[in-house]
Protein chains: 2
Amino acid sequence: MPQKIIFEPIGTIHSPYKDIEGMPIQPTGAKGVKGTLEIDHKYVSGLKDLDGFSHMIILYHFHLSEGYSLEVEPFLDKKKRGLFSTRAPKRPNPIGLSIVKLLNIHDNIVEIEDVDIVDGTPLLDIKPYVPDFDHRDVKSIGWLSSNSNKVSEKRSDERFK
Amino acid sequence: MPQKIIFEPIGTIHSPYKDIEGMPIQPTGAKGVKGTLEIDHKYVSGLKDLDGFSHMIILYHFHLSEGYSLEVEPFLDKKKRGLFSTRAPKRPNPIGLSIVKLLNIHDNIVEIEDVDIVDGTPLLDIKPYVPDFDHRDVKSIGWLSSNSNKVSEKRSDERFK
C-alpha cells in the first residue's frame, strides 16, 4: 500500500513558543496560553458558524519532527513505549492533534487559548469539538495511569526534534 | 504557503460498511460495530503498550471524498454551514478522526469497536485516547446544540461522496 496522500496547509498556527524546548506537552499544560490560526484567505468562508463552538479540534503538521522511532521514551515515563501508545510528535505520519478553546474570529484570524503548539506550525484541519462525539467513558489508560497527572507540569525538551 | 505535505498510510481499516450510504455518521451511532486495523508489518513494533488503553483516536484518509465545498448542508441540519464548523468528510485536507474502543491486538491486527468508517479506508495514525488530554468542559456547540441528539439514528447518504 505505498500510495501517497498529499496535503497542503490551510493556514499557519501562531503561538508564543518559538522553539520546541520548554513547551507544554499537551493543551492541559498550556492553560491560558493564547495563539492564533491564520487561515489562508481562500478558505475563510469555511469558518462560518464556527464561532458558536467553545472548543475545536485542530490537526496540524509536526513540521519540525524528522523521522520517527517505533519505540520512544515519552516525556511522561522513563521506559520505552510503543510509539502508537504515545502522543510523541515523531511519527510515520507526523500529524498533531490539539483541542483548544475558541475565543473569537475576525476575518481570517481565529483567536485560540490553551495552545501547546510551536509558532509557525502548518495547520491541516479544524473540526468542531462536540462532547457527544468526542467524550468517552474510558476504562484504562495503560502506562499513562501512573503518569498522566504530571502532564500539566511537564515541559518538552529536544528529544522529539 | 503552497508547500506540500506527503503522507503514506500505515495500514488499512476494515469494517462491515462496504459503501458510504447507510453508514453511521459518528462512532456514537456505531455502538457495537466491529472492525479491524490491518497495520503494515513494518510498523508492528509501534503497537507495543497500546493494548493497555481502552480507547484510541484513529486518523485516516477520507479516500472516497472528492473535492470540497466551504459551505455544506450537514447530515444533522437543513441549513448550509461553514465547512470547518462540521465534521463533513469533503474537506481541503480530507482527514477523518474517530474515537474507537480497542478490543485486542494480535500481531498486526488491531480489533476495534464502534466503527463508523468505510471498509478499505487508509489509516494514517493511531493515538491513545486519554481523558486528561481529550475531555473538555464545553460551553457551547453552536448549530449542533439542537441537533447532536440525532446523531445515533442518523445515517450517511451519497452527498459527501
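**Exercise 1. Describe the contact between chain A and chain B in this predicted model: how many residues does each chain give, and which elements of chain A take part?**

Solution.
Step 1. The contact takes 65 residues from chain A and 65 residues from chain B, in a model that is predicted.
Step 2. On the side of chain A that touches chain B, the elements giving two or more residues are strand 1 (5-7), strand 4 (55-61), strand 6 (81-82), strand 7 (95-106), strand 9 (121-128) and helix 1 (131-134) of chain A.
Step 3. Strand 9 of chain A supplies the largest share of this side, six residues.
Step 4. Sorted by class, the side of chain A that touches chain B holds 33 nonpolar, 17 polar and 15 charged residues.

**Exercise 2. Determine how the two copies are related: which rotation superposes chain A on chain B, and which residue of chain A comes closest to the axis?**

Solution.
Step 1. Chain A is superposed on chain B by a rotation of 180° with 0.0 Å of shift along its axis, and the RMSD is 0.0 Å.
Step 2. The two copies are therefore related as by a two-fold rotation axis.
Step 3. Among the residues of chain A, the closest to the rotation axis is I6(A), whose C-alpha lies at 2.3 Å.
Step 4. Strand 1 of chain A pairs with strand 1 (residues 5-7) of chain B in the antiparallel sense, over three bridges. In this pairing, I5(A) stands opposite F7(B).
Step 5. The copies meet through the same surface, because 100% of the interface residues of chain A are also interface residues in chain B.

**Exercise 3. Set out the fold of chain A: how many helices and strands does chain A have, and which strands form the closed barrel?**

Solution.
Step 1. Chain A has one helix and nine strands. Read from the N terminus, the order of its elements is β-β-β-β-β-β-β-β-β-α.
Step 2. Six strands of chain A form a closed barrel in the order 2-3-8-7-4-9, with antiparallel pairing. On average, neighbouring strands of this sheet are turned by 45° against each other, direction ignored.
Step 3. One pairing in chain A is that of strand 2 (residues 11-14) with strand 3 (residues 34-39), antiparallel over four bridges. Here H14(A) has T36(A) in strand 3 of chain A as its bridge partner.
Step 4. Of the contacts in chain A with a separation of 6 or more, 78% are between residues 24 or more positions apart.
Step 5. As to burial, 50% of the 161 residues of chain A count as buried.

**Exercise 4. Examine strand 9 of chain B: how many of its residues are buried, and what residue stands opposite M56(B)?**

Solution.
Step 1. Strand 9 (residues 121-128) of chain B is mostly covered, with seven of its eight residues buried.
Step 2. Strand 2 (residues 11-14) of chain B runs antiparallel to strand 9 of chain B and is joined to it by three bridges. The bridge partner of T12(B) in strand 9 of chain B is P122(B).
Step 3. Strand 4 (residues 55-61) of chain B also runs antiparallel to strand 9 of chain B, and five bridges join the two. In strand 9 of chain B, P128(B) is the residue opposite M56(B).
Step 4. Leaving out residues up to four places away in sequence, M56(B) touches L50(B), V100(B), L102(B), I126(B), K127(B), P128(B) and Y129(B).
Step 5. The largest nonpolar core has 86 residues, and M56(A) and M56(B) touch the most other members of this core.

How values were computed. Residues are numbered from 1 along each chain as its sequence is written. Chains are lettered from A and ligands numbered from 1 in the order in which they are written. This is a predicted model: local features need pLDDT of at least 70, side-chain atom pairs count only at pLDDT 80 or more; totals for chains, interfaces and linings use all residues. Two residues are in contact if their C-beta atoms, placed from the backbone, lie within 7 Å. Ala, Val, Leu, Ile, Met, Phe, Trp, Tyr, Cys and Pro count as nonpolar, Asp, Glu, Lys and Arg as charged, and the others, Gly among them, as polar. Two strands pair if DSSP finds at least two bridges between them. A nonpolar core is a set of buried Ala, Val, Leu, Ile, Met, Phe, Trp, Tyr and Cys residues joined through C-beta atoms within 7 Å. A residue is buried if 20 or more other C-beta atoms lie within 10 Å of its own, exposed if 12 or fewer, and partly exposed in between; C-beta atoms are placed from the backbone. Copies are superposed by least squares on the C-alpha atoms of residues with pLDDT of at least 70 in both. Axes are lines fitted to C-alpha atoms, for helices over the stretch in contact, and angles run from 0 to 180 degrees between N-to-C directions.
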